[in-house]
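Good morning, colleagues. Please take a moment with the sequence and the model before I begin.

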Amino acid sequence: MISVSHLHPMLVHFPIALILIGFVADFIYFFYKKEAGLSMVGFYLLIIGTLSALIALLSGALFTSEMTGAAGDVKETHELFAWITVINLLLYSAYRIYIKVKGRETNTINRLSFAWYGLAAVFVSITGFFGGTLVYNYMMPL
């Protein structure tokens, strides 16, 4: 039987994969500009990845147990980066939707957008690193 404490470990893989693959799609488009569809793929993966990150954050905040000692310190760092990641993704998604709706995609905005997506990918990776540290180094499920 699956309990609610299993929700967070089941959900965290989606934002990691979606945001990183979305960034790779934008990376390829940014440097090669041959496939305009890659930019759209990056955009849609960003939106879905942002929603999945928000759901993963909420599942972690609501359904994981408290930890003490060194594991508690790592969990606090993991939670901090999770919040930073989700806030960054929400802001970036809103920005990306805005420039998409207004049709303001210029080279300058694309550079800013590309850098921001890269920052989001870094935050997702750092958050995942600390989550993995909890699981593998402290043998504790989130």
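What percentage of the 142 residues of the protein count as buried? The figure is 38%, where buried means under 20% relative accessible area, exposed over 50% and partly exposed in between, with a 1.4 Å probe and protein chains only.

I should state the basis of these values. This is a predicted model, in which local features need pLDDT of at least 70 and side-chain atom pairs count only at pLDDT 80 or more, while totals for chains, interfaces and linings use all residues. Residues are numbered from 1 along each chain as its sequence is written, and side-chain values use heavy atoms, with hydrogens and water left out.

The secondary structure comprises 5 helices and 0 strands, helices being DSSP runs of H or I with at least four residues, strands runs of E with at least two, numbered from the N terminus. Along its principal axes, the C-alpha trace spans about 50 × 30 × 20 Å. Of contacts (heavy atoms within 4.5 Å) between residues at least 6 apart in sequence, 79% join residues at least 24 apart.

I turn now to the interior. The largest nonpolar core has 18 residues; such a core is a set of buried Ala, Val, Leu, Ile, Met, Phe, Trp, Tyr and Cys residues joined through side-chain atoms within 4.5 Å. At least two core residues come from each of α2 (13–32), α3 (36–63), α4 (69–102) and α5 (107–138), and α4 gives the largest share, with 6 residues. Among the residues with the most contacts inside the core are I19, F23 and Y117.

Let us consider α2 in detail. Its 20 residues should span 28 Å at 1.5 Å a residue, and its end C-alpha atoms are indeed 28 Å apart; the expected span is 1.5 Å times one less than the number of residues. Within α2, the buried residues are P15, L18, I19, G22, F23, A25 and D26. Seen down the helix axis, they fall within an arc of 160°, so they line one face of α2; the arc is that of the directions from the axis to the C-beta atoms. The face turned away from this buried side carries the exposed residues H13, I21 and Y32. After α2 comes K33, with a positive phi near 50°.

Leaving aside residues up to four places away in sequence, F23 touches F114, Y117, G118 and A121.

Finally, T85 lies in α4 and is buried, with a relative accessible area of 4%. With the same sequence exclusion, T85 touches F123, V124 and T127.
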